[in-house]
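Notebook open, coffee poured. I want to see how the chain is divided up and what sits around the ligands.

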Amino acid sequence: MTDFSKTKDMFHLPEGMIYLDGNSLGPLPKTAAARIARTVTDEWGEMVITGWNRAEWMAQPSTMGDRIGRLIGAAPGHVVVGDTLSIKVYQALASAIDLVPDRKVILTDSGNFPSDIYMAEGLIKSLSRGHELRVVAPEDVAAHIDDDLAVLMLTQVDYRTGRMHDMADLTQRAHSAGAIAMWDLAHSAGALEVDLAGCDADFAVGCTYKYLNAGPGAPAFIYVSPRHAATVRPALSGWLGHEAPFAFDLDYRPGAGIERMRVGTPPVLQLAALDAALTIWDEVDMSALRQQSIALTEQFIVGVEAACPDLELASPRDPEQRGSQVSFRFAQGYAAMQACIARGVVGDFRAPDIMRFGFTPLFIDEGDVDAAVAIIAEVMQKRLWDEPAYQRKARVT
Ligand SMILES: Cc1ncc(COP(=O)(O)O)c(C=O)c1O
Ligand SMILES: Nc1c(O)cccc1C(=O)C[C@H](N)C(=O)O
């Protein structure tokens with residue numbers, strides 16, 4: 001059983017801050033700075049190019065992929081790390097489309113993160129084969145799975161509301177219709193129990209800078225089901241996904257299994273940060289994490305609803321239907337969030353009116369939730385958001 005009072009001490013948390021934004025960018029693991037410094041000085045500094053073998057830099061995308069695999073229900077050898085999540089979305093979707101050559105519909109929902117939708121649109125244009133991206137309301141996804149469907153492309157947990165799709169059910173429906181199911185786990189990996197193999201998902205992608213805490217710009221990951229891994233065509237056919245990169249052949253031959261989803265040079269310094277972050281995750285029991293996440297989000301909802309009648313719950317009330325974040329709607333949400341941040345409660349705002357708070361049991365506990373609720377209550381009851389300093393500027397970064 002994971003002791004979350006111990007994991008909290010493994011992070012550097014800024015003094016006086018209750019950090020409820022680990023769903024967007026995780027905090028710094030205390031060992032990360034030394035771990036990165038070791039790679040810089042002992043490996044890059046002393047080994048220079050021999051580090052690719054001596055420090056096993058070249059193997060890290062796969063070894064780290066296996067460690068992430070445990071957190072998302074993937075057997076070793078089916079996850080690889082690299083690139084950004086947007087790139088991995090493109091790569092997975094391109095491979096998925098190839099598996100269903102006679103169909104043209106890609107189905108997603110309006111709660112998906114815009115980058116996934118933009119990448120799909122860009123891919124469709126580049127292919128010029130008449131594919132159509134169908135964007136429906138999240139609750140209508142199941143009803144739109146029919147015999148025209150090529151790929152069901154969904155983000156499991158909605159970045160705005162935290163609403164969670166039923167991965168097992170929708171994957172099974174997609175398969176029954178003869179389609180491929182592809183999942184974005186950006187707001188799932190490290191947030192809840194995911195069982196990719198048990199759900200029989202075809203492809204999954206995700207990032208490591210949110211709940212996994214590998215730092216700003218940390219690389220993404222991709223999963224390919226064992227059913228497809230040896231046959232999928234990698235659309236981004238970079239040299240490190242080649243069967244024999246150092247043969248420098250001029251013809252591309254995909255590497256074995258998941259290795260073919262590698263593209264180019266691994267981000268070694270960022271992988272050092274990921275290594276430090278995964279050293280914490282290696283010991284975490286995902287079922288205990290989920291239980292604690294639900295306890296924290298329930299405590300938060302009860303507290304905020306009792307003290308702040310002007311905030312309307314935007315997340316599902318049923319904990320089984322939401323991820324590890326809680327969102328409230330408020331017309332002055334931007335200003336209210338600025339007022340909370342000024343008082344040390346860091347969540348974030350998503351247009352047009354969502355105040356979003358992430359609950360990350362590795363470093364947030366019941367005391368933090370009570371303290372955050374008290375500050376949010378003060379902001380709302382005293383209308384502190386009404387101060388001109390907190391109003392939204394024309395240009396928001
Ligand atoms: C669901 C989802 N997909 C894609 C992205 C984009 O990821 P990246 O900026 O790493 O490409 C994000 C976050 O930014 C996200 O939340
Ligand atoms: N990746 C981000 C970035 O580089 C800058 C600011 C925010 C992000 C995010 O991850 C946003 C995030 N996907 C979200 O859920 O809103």
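Below are my notes, domains first and ligands after.

Entry 1, domains. I kept in mind that this is a predicted model. I looked up the split and found domain 1 (4-30 + 285-390) and domain 2 (32-281). I then checked the spacing, and the C-alpha centres of domain 1 and domain 2 lie 28 Å apart.

Entry 2, where the domains touch. I got 28 residues from domain 1 and 22 residues from domain 2 in the contact. Which elements give two or more residues on the domain 1 side? I listed strand S3 (28-29), helix H10 (286-307) and strand S12 (325-329). H10 gives the most there, with four residues. I sorted that side of domain 1 by class and noted 11 nonpolar, 14 polar and three charged residues.

Entry 3, ligand 1. I wrote down the residues around ligand 1: Thr 84, Leu 85, Ser 86, Phe 113, Ser 115, Asp 116, Thr 155, Tyr 159, Asp 184, Ala 186, Cys 207 and Ala 220. Which helices each supply at least two residues of this shell? I found helix H5 (85-99) and helix H6 (114-127). By class I have six nonpolar, four polar and two charged residues around ligand 1.

Entry 4, ligand 2. Here I noted Ser 24, Phe 113, Tyr 159 and Ala 186. The classes come to three nonpolar, one polar and no charged. I cross-checked the two lists: Phe 113, Tyr 159 and Ala 186 turn up around ligand 1 and also around ligand 2.

Technical notes. Residues are numbered from 1 along each chain as its sequence is written. Chains are lettered from A and ligands numbered from 1 in the order in which they are written. This is a predicted model: local features need pLDDT of at least 70, side-chain atom pairs count only at pLDDT 80 or more; totals for chains, interfaces and linings use all residues. Domain bounds come from an automatic or database domain assignment. Two residues are in contact if their C-beta atoms, placed from the backbone, lie within 7 Å. Ala, Val, Leu, Ile, Met, Phe, Trp, Tyr, Cys and Pro count as nonpolar, Asp, Glu, Lys and Arg as charged, and the others, Gly among them, as polar. A residue is near a molecule or strand if its C-beta atom, placed from the backbone, lies within 6 Å of it.
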